[in-house]
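This report describes the fold, cores and side-chain pairs of one protein chain. The sequence and structure are shown first.

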Amino acid sequence: QQAPGRSSSSRKSSLRAEDTLESIQELGSLELMGRDLGLAHCGPLRKSISADSLNSISSIGNNFGQDFTVGQVEVCMEYDGRAAALHITLLQGKDLLEKEDARFESCFMRISLLPAEQIVGISRIQRSTYSVAFDERFSVPLDPVALEENSLRFSVFGIDEDERSISTGVAELKLSDLDLAMRPFNAWLYLQDTNKAVDTVGEILLSLSYLPTAERLTVVVVKAKNLVWSNGKVTADPFVKVYLLQDGRKISKKKTAVKRGDTNPVFNEAMIFSVPAIVLQELSLRVTVAESSEDGRGDNTGHVLIGPAASGMGTTHWNQMLATLRKPVSMWHPLRRN
């Protein structure tokens with residue numbers, strides 16, 4: 001009973017001027033979430049299908065994605081509405097340029113505003129790449145409308161023995177996901193290695209939200225694009241399976257409906273898991289895109305891991321969800337080949 005009232009501040013932008021109190025109360029939680037995600041053109045959100053068997057696919061290891069990260073950076077952001085300015089603080093970094101083939105003895109960070117590629121700030125050169133205290137603050141003029149349209153890119157550059165600056169890792173944040181007009185944002189970001197190509201077979205757009213009062217984790221499988229099918233097939237019948245993992249073990253599984261002959265399917269299905277807050281940091285999500293076969297079984301196409309056991313975008317997405325409780329946070333993820 002308390003959840004809609006407590007989260008109303010983060011939902012205001014999704015409501016329409018013609019909405020009345022009575023019409024809003026008639027909406028279910030899925031309809032309201034669909035508006036927050038801007039999915040009205042895709043139709044109403046649907047609940048997913050639960051599955052009984054959890055033994056059809058082996059779990060992946062907790063080190064998924066570690067080969068494609070080059071350390072972490074802690075950032076803090078706050079928006080000053082009166083001055084129409086975004087303040088960004090680089091707090092600290094660790095294990096920057098953490099690669100076997102790295103020969104960098106120093107590094108620095110650069111912050112850019114996307115999509116214009118405007119450079120917001122450049123940090124001081126740090127001689128250590130393992131434990132760095134930046135404590136540097138940058139500001140950029142930004143009107144409230146731009147918070148819904150722009151993203152920030154955090155890039156780490158290594159300096160080699162010839163004093164060349166080489167881009168080695170990036171992390172990106174979509175400002176509209178952070179609700180900066182309401183509260184500051186603070187999180188550790190994993191930096192993706194820009195020099196290593198991940199064997200991807202498409203991308204998937206997912207939304208995560210956690211409601212602490214109801215101890216409910218909601219995963220919305222929005223859509224996928226550029227899917228690559230097995231055995232060189234031109235088309236297939238995709239569906240998505242979401243596993244809830246605890247210590248690498250599958251404890252719950254849900255799946256979407258099958259989309260027939262669609263390489264860029266729109267699923268728009270919500271999966272709700274009951275998750276006590278005390279175990280939230282022990283859990284992860286494994287999202288798998290599969291091809292429906294004639295015998296009813298699914299041949300796996302690609303997957304992504306999200307949560308504390310992941311790294312890169314998987315951990316960044318999870319941390320953003322925890323930093324903006326009750327508010328759906330959406331992000332595209334590359335699908336790694338199974």
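Leaving aside neighbours within four places in sequence, which residues is Leu-86 in contact with? In this predicted model, the partners of Leu-86 are Met-77, Glu-78, Tyr-79, Phe-138, Ser-139, Val-140, Leu-142, Leu-152, Leu-175 and Leu-180. Leu-86 has its place in strand S4, and with a relative accessible area of 0% it is buried. Between the C-alpha atoms of Leu-86 and Ala-181 there are 9.8 Å in space, while 95 residues separate the two in sequence.

**Overall composition**

The protein chain has 338 residues, of which 49% count as buried. Its secondary structure consists of 5 helices and 18 strands. The accessible surface comes to about 16400 Å², and carbon and sulfur atoms hold 46% of that area. Among contacts with a separation of 6 or more, 67% are between residues 24 or more positions apart.

**Nonpolar cores**

The largest nonpolar core has 35 residues, and those that touch the most other members are Met-77, Leu-86, Leu-90, Leu-152, Phe-154, Leu-175 and Leu-180. At least two residues of this core come from each of the strands S3 (69-80), S4 (85-94), S5, S7 (131-141), S8, S9 (165-174) and S10 (185-193). Strand S3 gives the largest share, 5 residues. Another core, of 29 residues, lies apart from this one, and its members include Tyr-210, Val-219, Ala-236 and Val-289.

**Leu-217 and helix H5**

Leu-217 is a residue of strand S12 (residues 216-225). Leu-217 counts as buried because its relative accessibility is 0%, and the cut-off for that class is under 20%. Leaving aside neighbours within four places in sequence, Leu-217 is in contact with Ser-209, Tyr-210, Leu-244, Met-271, Ile-272, Phe-273, Val-275, Leu-285, Trp-318 and Met-321. Ser-274 is 57 residues from Leu-217 along the chain, and their C-alpha atoms are separated by 6.3 Å.

Two of the contacts of Leu-217, Trp-318 and Met-321, are also among the buried residues of helix H5. The full set of buried residues in H5 is Met-313, Gly-314, Thr-315, Thr-316, His-317, Trp-318, Gln-320 and Met-321. Helix H5 spans residues 313-323, and 8 of its 11 residues are buried, so the rest of the structure largely encloses it.

**Strand S5 and its partners**

How many of the residues of S5 are buried? The count is 8 of 9, and the strand is mostly covered. Strand S5 (residues 106-114) runs antiparallel to strand S6 (residues 118-122), and 4 bridges join them. The pairing of S5 with S8 is also antiparallel and has 9 bridges.

Ser-112 stands opposite Ile-119 in S6 and opposite Arg-153 in S8. Arg-110 faces S6 as well, where Ile-122 is opposite it. The hairpin of S5 and S6 has 3 residues between the strands, and Glu-117 there takes a positive phi near 60°.

**Ring interactions**

A search of the whole structure finds 1 aromatic pair. This pair is formed by Phe-108 and Phe-157, which are stacked, with 5.1 Å from centre to centre and 5° between the planes. Phe-108 belongs to strand S5 and Phe-157 to strand S8 (residues 151-159), so the pair ties together parts that are 49 residues apart in sequence. Phe-108 and Phe-157 are both buried.

Charged side chains also sit over rings, as listed below.

| Charged residue | Ring residue | Distance of the charged end from the ring centre |
|---|---|---|
| Lys-94 | Trp-188 | 4.7 Å |
| Lys-254 | Phe-273 | 5.6 Å |

The ring under the charged end of Lys-254 is that of Phe-273, and Phe-273 is also one of the contacts of Leu-217. Lys-94 has its charged end over the ring of Trp-188; strands S4 (85-94) and S10 (185-193) each supply at least two residues of the largest core.

Key. Residues are numbered from 1 along each chain as its sequence is written. This is a predicted model: local features need pLDDT of at least 70, side-chain atom pairs count only at pLDDT 80 or more; totals for chains, interfaces and linings use all residues. Side-chain values use heavy atoms; hydrogens and water are left out. Two strands pair if DSSP finds at least two bridges between them. Rings of Phe, Tyr and Trp (its six-membered ring) pair if their centres lie within 6.5 Å; planes under 30 degrees apart count as stacked, over 60 as edge-to-face and the rest as tilted. Buried means under 20% relative accessible area, exposed over 50%, partly exposed in between (1.4 Å probe, protein chains only). A charge sits over a ring if NZ of Lys or CZ of Arg is within 6 Å of the ring centre and within 35 degrees of the ring normal. Contact means heavy atoms within 4.5 Å. Accessible areas come from the Shrake-Rupley method with a 1.4 Å probe; for residues, only the protein chains shown count as cover. A nonpolar core is a set of buried Ala, Val, Leu, Ile, Met, Phe, Trp, Tyr and Cys residues joined through side-chain atoms within 4.5 Å.
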